[in-house]
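Trainee: I'd like to learn how to read a structure I haven't seen before. Could you walk me through one?

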Amino acid sequence: MTRTFNTGGPCNPADHYMLPSIERLPMVQQLIDQKLYFVLHAPRQTGKTTAFVTLAEALTNSGQYTAVLLSVEPGDGLRDDVGQAEAAILREWTESAREDLPQTMQPPAWSEAPAGAQIRTALADWSRSAQGRLVVFIDEIDSLQDQVLIGVLRQIRAGYRHRPNAFPWSLALIGMRNVRDYKVASGGSKRLHTSSPFNIKAESLTLANFRRRGRHAVCATHHRDGPSLYPRGQSPGV
Ligand SMILES: Nc1ncnc2c1ncn2[C@@H]1O[C@H](COP(=O)(O)OP(=O)(O)OP(=O)(O)O)[C@@H](O)[C@H]1O
Ligand SMILES: [Mg+2]
């Protein structure tokens with residue numbers, strides 16, 4: 001099948017001409033190797049999901065990590081029903097892992113846990129059984145609101161000190177806002193009893209721009225593949 005320039009949703013190298021993604025995350029490998037938790041925030045449609053899916057594949061292929069991008073978007077719209085939001089999120093995680101990870105790296109069946117503890121229990125069980133270091137990139141964190149957002153952040157904070165045996169080795173929250181703004185989005189930080197809703201983060205990062213040489217390289221590939229949409233020597237402004 002011929003590849004195309006994609007503008008609808010995340011890119012994948014089998015179907016789309018792509019610029020190198022991992023070089024847009026220069027500090028991230030170091031943070032992961034150091035067993036740290038961090039936040040990546042950047043505006044809509046800047047390539048966040050594409051970059052972290054690509055990085056997760058590379059980490060998994062390295063043989064050192066079980067790395068996966070998991071979305072919490074199914075919790076969108078469930079402002080206060082924490083249990084229902086957690087169940088929807090965990091169903092999505094099962095499907096994502098099935099698609100993105102090999103059979104031997106699948107999470108265990110999620111064990112029963114009360115509302116407000118299901119995410120922590122799931123990540124703890126998976127960390128205990130994972131081959132290698134479990135690395136989790138939690139995408140669309142901004143889609144959660146109010147009690148559901150607070151509940152997820154609180155569970156991650158609670159599990160953090162048990163890593164790497166009983167919680168992910170490294171974890172990132174990926175969204176549009178910096179983490180210090182989450183307390184505004186979740187109606188104030190008082191209910192968290194802390195000045196920061198995610199004070200275990202080592203860094204808040206944003207995405208580096210695509211590099212010019214990457215644009216030229218992808219256009220050269222496009223020219224080699226057949227009739228071109230772009231004059232030779234020019235590149236699309238991605
Ligand atoms: N490595 C890449 N090479 C070429 N184009 C890319 C690349 N990464 C992202 N894009 C472009 O950006 C668009 C959005 O990518 P992606 O869905 O990964 O971004 P996002 O920041 O996660 O978006 P959203 O905020 O909507 O979730 C893609 O449809 C594609 O047009
Ligand atoms: Mg995305």
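Mentor: We'll go through the sheet, a helix, one residue and the ligand shell. Keep in mind that this is a predicted model.

Trainee: Let's begin with the sheet. In what order do the strands stand?

Mentor: Read a sheet by listing its strands side by side. Here five strands make an open sheet, ordered β2-β3-β4-β1-β5, with parallel pairing. Strands β2 (65–71) and β5 are at the edges with a single partner strand each, so one side of each has no neighbour in the sheet. From one strand to the next, the twist averages 20°.

Trainee: How many bridges link β1 and β4?

Mentor: Five bridges, in the parallel sense, pair β1 with strand β4 (residues 170–175). To find the register, look for partners: His41 has Gly175 in β4 as its bridge partner. Then try β1 against strand β5 (residues 203–205), where the parallel pairing runs over three bridges. There, Phe38 is opposite Glu203 of β5.

Trainee: And which strand do four bridges join to β4?

Mentor: That's strand β3 (residues 133–139), which runs parallel to β4. Find Ile138 and you'll see Leu173 of β4 opposite.

Trainee: Is strand β1 largely enclosed or open?

Mentor: Count the neighbours of each residue; 20 or more other C-beta atoms within 10 Å makes a residue buried. In strand β1 (residues 37–41), five of the five residues are buried, so the strand is largely enclosed by the rest of the structure. Now check each face: Tyr37, Val39 and His41 are buried on one side, and Phe38 and Leu40 are buried on the other, so to speak a strand with both faces covered.

Trainee: Which strands does helix α2 lie across?

Mentor: Helix α2 (residues 48–61) lies across β1, β2, β3 and β4. For its direction, compare it with a strand: α2 runs at about 160° to β2.

Trainee: What about a single residue, say Ala87: where does Ala87 lie?

Mentor: Start with its element: Ala87 is in helix α3 (residues 82–100). Next comes its surroundings: Ala87 has 17 other C-beta atoms within 10 Å, so it counts as partly exposed. Finally, compare sequence with space: Ala87 and Gln118 are 31 residues apart in sequence, yet 7.7 Å apart from C-alpha to C-alpha.

Trainee: Last one: which residues come nearest to ligand 1?

Mentor: List the shell, then sort it. Around ligand 1 there are 17 residues, and Leu19, Gly47, Lys48, Thr49 and Thr50 come nearest. Sorted by class, that shell holds five nonpolar, ten polar and two charged residues.

Key
Residues numbered from 1 in each chain as written. Chains lettered and ligands numbered in written order. Predicted model: local features only at pLDDT ≥ 70, side-chain atom pairs only at ≥ 80, totals over all residues. Near = placed C-beta within 6 Å. Nonpolar A, V, L, I, M, F, W, Y, C, P; charged D, E, K, R; others polar. Helix = DSSP H or I, 4+ residues; strand = E, 2+ residues; numbered from the N terminus. Buried ≥ 20, exposed ≤ 12 C-beta atoms within 10 Å, placed from the backbone. Pairing = 2+ DSSP bridges. Axes fitted to C-alpha atoms, helices over the stretch in contact; angles between N-to-C directions. Contact = placed C-beta atoms within 7 Å.
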